[in-house]
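Welcome, and please have your viewer ready with the chain loaded. We will go from one selection to the next, and at each stop I will tell you what is there.

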Amino acid sequence: MKFPRKTLLLILFILISFILHPLTIIPLIKADITTFYPLDDCSVDEREPNNNVDAGGYLAIGSIGIGGHPARYRFFMKFDLTSLEGKIITSAKFRLYCYVSEGSKPFYIRKVANDSWIEETITYNDKPDTGDIIYTGAVGEGVGWVEHEHEDITTYVDEEKGNLLSVWYGPIDTSSYQSEKAYYRDKEYDGGSVKAELVIEWAEPISPPPDPLKLFGAGFNASMPYVDLYWTHNLKDTDFFEVQNSTDKISWSYLRQNTTTEYHDFQVVYGTERYYRVRACNFTMDQWFNSTWTDIDFEIVYFSEGGGIESVDMTPSIIMAIFLIVIGISLIYSVRHKR
Ligand SMILES: [Ca+2]
Ligand SMILES: [Ca+2]
């Protein structure tokens, strides 16, 4: 069985397209992780309500020693998040080095709106007000590095990015924390070797992919008709191109997700008009980022014996140009022959 040369070339082209398809490089956006350390950290002691107890080596919840006052300690921390201005926050957690862990009663992390407190002067009687709870833990979490992570912490970091962020650690039920406690190291202990951390994963804001440019299409009257579409793009921030077509520029049909800057539509019918549009798409951080659609282009594909290229947009212009040239030559000829 013999195939026409044109058909063989077409089959070869389709095969090469399928082979090249998985080789397309899809760019990925990488998130960064930054560890922030306390600008200020300090416990406040209910038993010494007017004394500042900074730099004691501890950040404490609960009481200390036998017969200690119930719920004697809470502590505050403040972080400078100005460098995160404009970033996308994807996760955040506190890490603290715990060296005393007794009991099982709950502790809480709460928002603190007022950032004007400083560790050198804060006291139990002169401490900022506290806000919403963003984490609930238990004092008996064990010694060593512990992590406190919750989506509410991430949300709070997102709210405070570009500013100072203050938090309060402590019990809510203050009546029975005599032997219920968690003690962590402060930033002054051992030269800050085990100071608290706020570990934040963030990414640069994502902009939509660049727009595809110069959409160009041509219809071919082969033994089966097809349309070749081409456009230009630098593939930056683009997972794929969405290609659509329409017969009326109103109702659009999805054709496929295309990873290269060309598309070959074999689902065309002789004598029909087709409009095409293409946009670049990028799925990042659980959401879609799409460029705008390209300008509308269209092709008319119709049957003619022997096939050949039908460059639809250009044909009327070429005919008009040839017509004008012929008229021009005729005029020049007739003027010269009248002399
Ligand atoms: Ca301190
Ligand atoms: Ca703040």
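Which residues does F75 touch, not counting residues up to four places away in sequence? Select F75 in this predicted model and show its surroundings: you will find D41, C42, S43 and V44, together with L59, A60 and Y169. F75 is also a good place to begin because, along with V157 and Y169, it touches the most other members of the largest nonpolar core, which has 37 residues. If you would like to see a second, separate core, select L215, V243, Y276 and V301, which are among its 11 residues.

**The whole chain**

Now zoom out. The protein chain holds 3 helices and 20 strands. Of its 339 residues, 27% are buried. Among contacts between residues at least 6 apart in sequence, 77% join residues at least 24 apart.

Colour by pLDDT next. The mean for the chain is 85, and 83% of the residues reach 70 or more. Two stretches to pick out are residues 16–28, where the pLDDT is below 50 and the model has 6 contacts beyond near neighbours in sequence, and residues 306–316, also below 50, with 14 such contacts. Where pLDDT is low, the predicted coordinates should not be read in detail.

**Strand 2 and its partner**

Select residues 40–45, which form strand 2; 6 of its 6 residues are buried. Turn the strand to look at each face: D40, C42 and V44 lie on one side, D41, S43 and D45 on the other, and both faces are covered. Then add residues 73–80, strand 4, which runs antiparallel to strand 2 and is joined to it by 6 bridges. To find your bearings in this pair, label V44 and its bridge partner R74.

**Strand 6, with a partner in two places**

Move on to residues 106–112, strand 6. Strand 6 pairs in the antiparallel sense with strand 7 (residues 133–138) over 5 bridges, and I109 stands opposite Y135 there. Strand 6 also pairs with strand 9 (residues 164–170), again antiparallel and over 5 bridges; here the residues to label are V112 and S166, which stand opposite each other.

**Helix 2**

Keep those strands on screen and select residues 151–160, helix 2. Its buried residues include I153, Y156, V157 and E160. Why do they sit on the same side of the helix? They cover an arc of only 100° around the axis, so they share one side of helix 2. The general pattern is that an α-helix has 3.6 residues a turn, so residues three or four places apart point the same way.

What covers these buried residues? Strands 6, 7 and 9 are part of the answer, and you can add strand 5 (88–102), strand 8 (144–149) and strand 11 (197–203) to the selection. Before leaving, step just past the end of helix 2 to G162, which takes a positive phi of about 90°.

**Last stop: F241**

Finally, select F241 in strand 14 (residues 240–246). Is F241 buried or exposed? F241 counts as buried because it has 25 C-beta neighbours inside 10 Å. Leaving aside neighbours within four places in sequence, F241 is in contact with P212, N258, V278, R279, A280 and C281. Try a distance label too: from F241 to T259, 18 residues apart in sequence, the C-alpha to C-alpha separation is 6.0 Å.

Key:
Residues numbered from 1 in each chain as written. Chains lettered and ligands numbered in written order. Predicted model: local features only at pLDDT ≥ 70, side-chain atom pairs only at ≥ 80, totals over all residues. Core = buried A, V, L, I, M, F, W, Y, C linked by C-beta atoms within 7 Å. Buried ≥ 20, exposed ≤ 12 C-beta atoms within 10 Å, placed from the backbone. Contact = placed C-beta atoms within 7 Å. Helix = DSSP H or I, 4+ residues; strand = E, 2+ residues; numbered from the N terminus. Pairing = 2+ DSSP bridges. pLDDT = per-residue confidence, 0-100. Arc of directions from axis to C-beta.
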